[in-house]
Amino acid sequence: KIAGRVGDSPIVGSGCYARHEVGGAAATGDGDVMMRFMPSLVAVQAMAAGFAPSDACQQALTPIIAAFPAFSGAVVCLSSDGLHGAATYNMDFSYSVQSEGMDKVQVVAVPDMKTN
């Protein structure tokens, strides 16, 4: 991060965002770039508009990629009905999930949007 800057995580909508009736999202990566685009807020808004979590994450990253093609980042979403998904660009990214009825934690590897 830039010297003297508070990280992007405490900026509502940038590092994380949630709406009880929709779900939540969290972002990671190049925070100095990502905080300009509020990717967690955009992802939750996309889920509210009917996008599946993975598609909502891609929607959140697309304008960032267009403006900063060398950036690296990822967004992960969990909908209020328990669906989850993520998208990543220019970085290896995986997340873990476990819900009721699962015997163990599932690690989900996310394909890079840059190579797909």
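**Helices on a sheet: a guided look**

Me: I'm looking at H3. Which strands does H3 lie across?

Reply: H3 lies across E3 and E4, and runs at about 25° to E4. Keep in mind that this is a predicted model.

Me: And how do those strands fit into the sheet? What is the strand order?

Reply: The sheet is open, has 4 strands with antiparallel pairing, and is ordered E1-E2-E3-E4. E1 and E4 each have a single partner strand because they stand at the edges, so one side of each has no neighbour in the sheet. On average, neighbouring strands here are turned by 10° against each other, direction ignored.

Me: Where does H2 pack?

Reply: H2 packs on the sheet too, touching E1, E2 (23-29) and E3. The direction of H2 makes about 145° with that of E2.

Me: How should I read two helices that pack together, like H2 and H3?

Reply: Two packed helices are described by the angle between their axes and the distance between the axes. Here, the axes of H2 (residues 39-48) and H3 (residues 53-67) come within 8 Å and cross at roughly 135°. H2 and H3 are therefore oblique to each other, and their crossing is right-handed.

Me: Which residues of H2 and H3 meet there?

Reply: From H2 come Pro 39, Val 42, Ala 43, Ala 46 and Met 47, and they meet Pro 53, Ala 56, Gln 59, Ala 60 and Ile 64 of H3. Sorted by class, this contact has 9 nonpolar residues, 1 polar and no charged ones.

Me: Back to the strands. How do I read a strand, and how do E3 and E4 pair?

Reply: In a regular strand the side chains alternate between the two faces of the sheet. In this model, E3 (residues 73-79) pairs with E4 in the antiparallel sense over 6 bridges. Leu 78 has His 84 in E4 as its bridge partner, and Val 76 stands opposite Ala 86 in E4. The hairpin of E3 and E4 has 4 residues between the strands, and Gly 82 in this hairpin takes a positive phi near 95°.

Me: Is E4 (residues 84-89) largely enclosed or largely open?

Reply: Largely enclosed by the rest of the structure, because 5 of the 6 residues of E4 are buried.

Me: What about Cys 16: buried, partly exposed or exposed?

Reply: Cys 16 sits in E1 (residues 16-19). Its relative accessibility is 44%, so Cys 16 counts as partly exposed. Leaving out residues up to four places away in sequence, Cys 16 touches Ser 9, Ala 25, Ala 26 and Ser 40. Thr 28 is 12 residues from Cys 16 along the chain, and their C-alpha atoms are separated by 9.2 Å.

Definitions and conventions:
Residues numbered from 1 in each chain as written. Predicted model: local features only at pLDDT ≥ 70, side-chain atom pairs only at ≥ 80, totals over all residues. Heavy atoms only, no water. Axes fitted to C-alpha atoms, helices over the stretch in contact; angles between N-to-C directions. Parallel < 35°, antiparallel > 145°, perpendicular 65-115°, else oblique. Left-handed = near helix turned anticlockwise from the far one by under 90°. Contact = heavy atoms within 4.5 Å. Nonpolar A, V, L, I, M, F, W, Y, C, P; charged D, E, K, R; others polar. Buried < 20%, exposed > 50% of the residue type's maximum accessible area, 1.4 Å probe, protein only. Pairing = 2+ DSSP bridges.
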